[in-house]
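Pull the model up in your viewer and keep the sequence panel open beside it. We'll take a walk through the fold, going from the whole chain down to single residues.

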Amino acid sequence: MLMKRAGFVIILIFQILKGFSQNSWEVSTYPDEEGFQQRMAPMMERIAAQGFGMRSLANSRCPDTGLPVKTYALKGETVISPYTGRAYVQGDTGYFGPKARNEKGKITAFGGDPMKYELPPAAASILLNKELKLTKAFLSIPGNLRQQFHFACNNWARAYPLIKNEMGEEWEADFFYWISIYTENRKPSDGHRELLGLSKPHDLVGEKGELLGGNAFDGGTENHKTMWRTSALLYSQLLPDSAKISGYAVEEARELTKEMLRDYVKKLLYVGNGEYDSNVYYPYSIEGFLNLYDFSTDAEIKALAKAALDYYFATYGLKLVDGAIAGAQKRGYLTNKNPDKMEQLQWGFFDDTSRKMENSTASLHQTTTTYRPNEIIWNITRKELKLPFEAKMSRPFYHMDKAHAFAETFYADENFAIGNIQMTIVDNPNQQMIWSVVAKGTDKPLCFSGGHPMRGSTSGHSPYTQTLQSKGTLLLLSAPTQKIQADTLIAPKYATQNRENLWILPESEQPKNYETGHRQKYGAAPLHVVEPPANQSVSEISRFWQESKGGAASWFYFPNSLSPQLIDNTYYFEANEVYLAVKPLSEKHFVVKPDTEVINKLKSKEEKTFFRTYGLISFPGEISGYVVEVVAKNEFRSLEDFAQKLAQKRKLELSENDGVSLNYKSIYGDRLEMDYQPQGLRCKGKINGKIQNWDDFTGGAIYQSPYINVGNGIMRVSDGNKSYQVDFTGDNPIWKELN
């Protein structure tokens, strides 16, 4: 009954807001409220059905039967087998299990951060009036109340205002107590790294003078800091004035965190964000701002939250195809076999994907929020605007301390989009999409990418790959940066007795004072060519995969639902309404695409995960690469017609005389000239004779496109029909309708 009332209130509030204003930037212009409510209708039940209380139990086995036993036992405590009655001693309690107990016998600490997963189902159960006694008891365990690490506090900041009236004053007092003393000496979400040393204990409020209150060394990643600060700011408004937040008085915590978040959101419109377009972590940052938008009692803070949410959804939506992100990402991956959390969030609001999402489960945040993307963001995301279009973006260093560090190119057509980015440093190297293509599919988005296989995955930046893009054409080259002796490496620990000549990223591209620890990881990669699998057997696929990491080659990834056709030494794909061609730059090349039976028998998780979604083409060689051409299928009579016209129109010259250079004329007549730079990470490039100035790629802007333009504290958003701007040059964001 409570949840039905809550749902009615959300609809009523939305309808009231809609009646008051019809400015294009308002949430009231969202055009699909009925559809959104239908999509969210089953979500609370589904969230509750996920269950809670199992992750944080200690694991052991009955000594007589070997059957599993789960209890709230600490290591060294006595456990009674439920099967035979035998008493035995609990061993290690596992990653999430109980770690401490107070004098009253209550669990006061768990491992990891189980409330990242278990709090939403518990809160949903309360809202649905299910198993109230059990759920309230679970939410009253001190070890659960004390969890205010990033993901857990993001959930508590949503759950507390929703369930507090059902929990009682005594529970509230306990909840306030754990917030008041919260500090963290570990990294609960970092798995085996959770006990690595910190420079200082961290807390909800953070460090004054640091970006989002966290220092660059160990103060948390961007989404982590966003979750902490938004939660602290919300607590400072909802808790009584007598309460404390990580030792700070409520008023002081409010002032500090409000200024940190104001600074961050303002910087979005001056330099852009460091964790740009992350399909992995954007949902958590968005949830933090949804908490503020829905429950803040301060109009300025609510406006701040809306500015951040509009920025996230507008800029991310610009690059969406079939519900998936195309082009470059910081801390992101190619879309996989199953929808990621950001895809689910996008589906909930925009319902624009070929995936069958009816059985998906939305987050508690989205299910209960009153925020809606406005009609212009809706049109941009669903591409209900004039196509094709080109966009340029300028990205900062991860900690937003240096603007215009990376230059991004993006191109969108009706059924596909392609984008790439020029790198200046190797930061967040394992979660960095340099380039990708996404085409609309029939049952899921079709995603393509590739590069030097330094890590054997669909993301990660290798210092040996450089790219150049114009519209739907992309050139990719992998080559040595320079050859030096092992004893001169920046990071000597990577030198081995068996490697005389190694590739190394020049020190000039690795600022010593910027994430030095990350820089030092990239000492060298072995200069060797991996032979193709003799067959598609388990052993040969595993050998090829493991030996390829760091090998001299370029890879091209493609959806394993597709099969390339080799015509006149060029690979062709028919991807629903799109044709894609891959022209090798090396003499040798081969396809690796094991069948389902082989994939299921692979032992390595990363191999199995990759090949369940993708196949690959390998282009081996110390100097290797390919040219990608992506076109609309309806512009050609057939794939063979496309292949014939491409062969007739394109011109390709690869030179290795004075360095590696590539000249290419595309099917649409664009001329791309690319000079590989062995002393850096970016090529020198010309497009139709115009030198590409990567250091001033956007003329000082953050976004340049027909639909989104950001820079100097102002964001302008348009669908080609209606337009508005957000002006954050002053103390607060101001919305204004544009002609």
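What follows is a tour of overall size, helix packing, enclosed and open space, and a couple of backbone oddities.

Before anything else, keep in mind that this is a predicted model. Zoom out and look at the whole chain. Its secondary structure comes to 20 helices and 39 strands. Measure along the principal axes of the C-alpha trace and you get a span of about 75 × 70 × 45 Å. How does that sit with the radius of gyration of a compact globule? For 739 residues, a compact globule would be near 27 Å, and the protein chain has 27 Å, so the two agree.

Now for the helix packing, with α13 as our anchor. Two packed helices are described by the angle between their axes and the distance between the axes. Start with α11, residues 282-295, against α13, residues 341-350: their axes come within 8 Å and cross at roughly 50°. Angles under 35 degrees count as roughly parallel, while roughly perpendicular begins at 65, so α11 and α13 end up oblique to each other. Which residues make the contact? On the α11 side they are Tyr282, Pro283, Tyr284, Ile286 and Glu287, and on the α13 side Lys341, Met342 and Leu345. By class, that contact of α11 with α13 holds 6 nonpolar residues, no polar ones and 2 charged ones.

Helix α13 has another partner to look at. Helix α2, residues 33-40, packs with α13 at an angle of about 135°, and the axes are 8 Å apart. Roughly antiparallel needs an angle over 145 degrees, so α2 and α13 count as oblique too. Here Phe36, Arg39 and Met40 from α2 meet Trp347, Gly348, Phe349 and Phe350 from α13. The contact of α2 with α13 splits into 5 nonpolar, 1 polar and 1 charged residues.

Stay around α13 a little longer, since this helix also turns up in the wall of a pocket. The second largest pocket holds about 510 Å³ of space. Of its 23 lining residues, Gln50, Lys116, Pro120, Lys341 and Ser363 are closest to the centre. Lys341 may ring a bell: this residue of α13 is also part of the contact with α11. Elements giving two or more residues to the lining are α4 (115-127), α7 (150-167), α11, α13 and α14 (364-368). Helix α4 gives the most, with 4 residues. In terms of chemistry, the lining of this pocket is made of 10 nonpolar, 9 polar and 4 charged residues.

From open space, move on to enclosed space. How many cavities of 30 Å³ or more are there? The count comes to 6. The largest cavity has about 180 Å³ of space, and 20 residues line it. Nearest its centre you'll find Ile434, Gly450, Gly451, His452 and Gly460. Two strands, β15 (432-433) and β17 (446-451), each supply at least two residues of that lining. The largest share is from β17, at 3 residues. Sort the lining of the largest cavity by class and you have 6 nonpolar, 13 polar and 1 charged residues.

Last stop: the backbone. Where does Pro388 sit? Look in the loop between α15 (375-381) and β12 (389-395). The peptide bond joining Leu387 and Pro388 is cis, with omega at about 0°. Then jump back to the loop between α4 and α5 (132-139), where Glu131 lies. Glu131 has a positive phi of about 45°, although it is not a glycine. That loop brings us back to α4, the helix that gives the most to the lining of the second largest pocket.

Note on methods
Residues are numbered from 1 along each chain as its sequence is written. This is a predicted model: local features need pLDDT of at least 70, side-chain atom pairs count only at pLDDT 80 or more; totals for chains, interfaces and linings use all residues. Side-chain values use heavy atoms; hydrogens and water are left out. Axes are lines fitted to C-alpha atoms, for helices over the stretch in contact, and angles run from 0 to 180 degrees between N-to-C directions. Angles under 35 degrees count as roughly parallel, over 145 as roughly antiparallel, 65 to 115 as roughly perpendicular and the rest as oblique. Contact means heavy atoms within 4.5 Å. Ala, Val, Leu, Ile, Met, Phe, Trp, Tyr, Cys and Pro count as nonpolar, Asp, Glu, Lys and Arg as charged, and the others, Gly among them, as polar. On a 1 Å grid over the protein atoms alone, a cavity is a set of points where a 1.4 Å probe fits but cannot get out, and a pocket is an open set with protein on both sides within 12 Å along at least five of seven lines; lining residues have an atom within 4 Å of a point. Grid points are joined across faces, edges and corners, and a volume is the space filled by probe spheres set on the points. The radius of gyration is taken over C-alpha atoms; the globule rule is 2.2 Å times the number of residues to the power 0.38.
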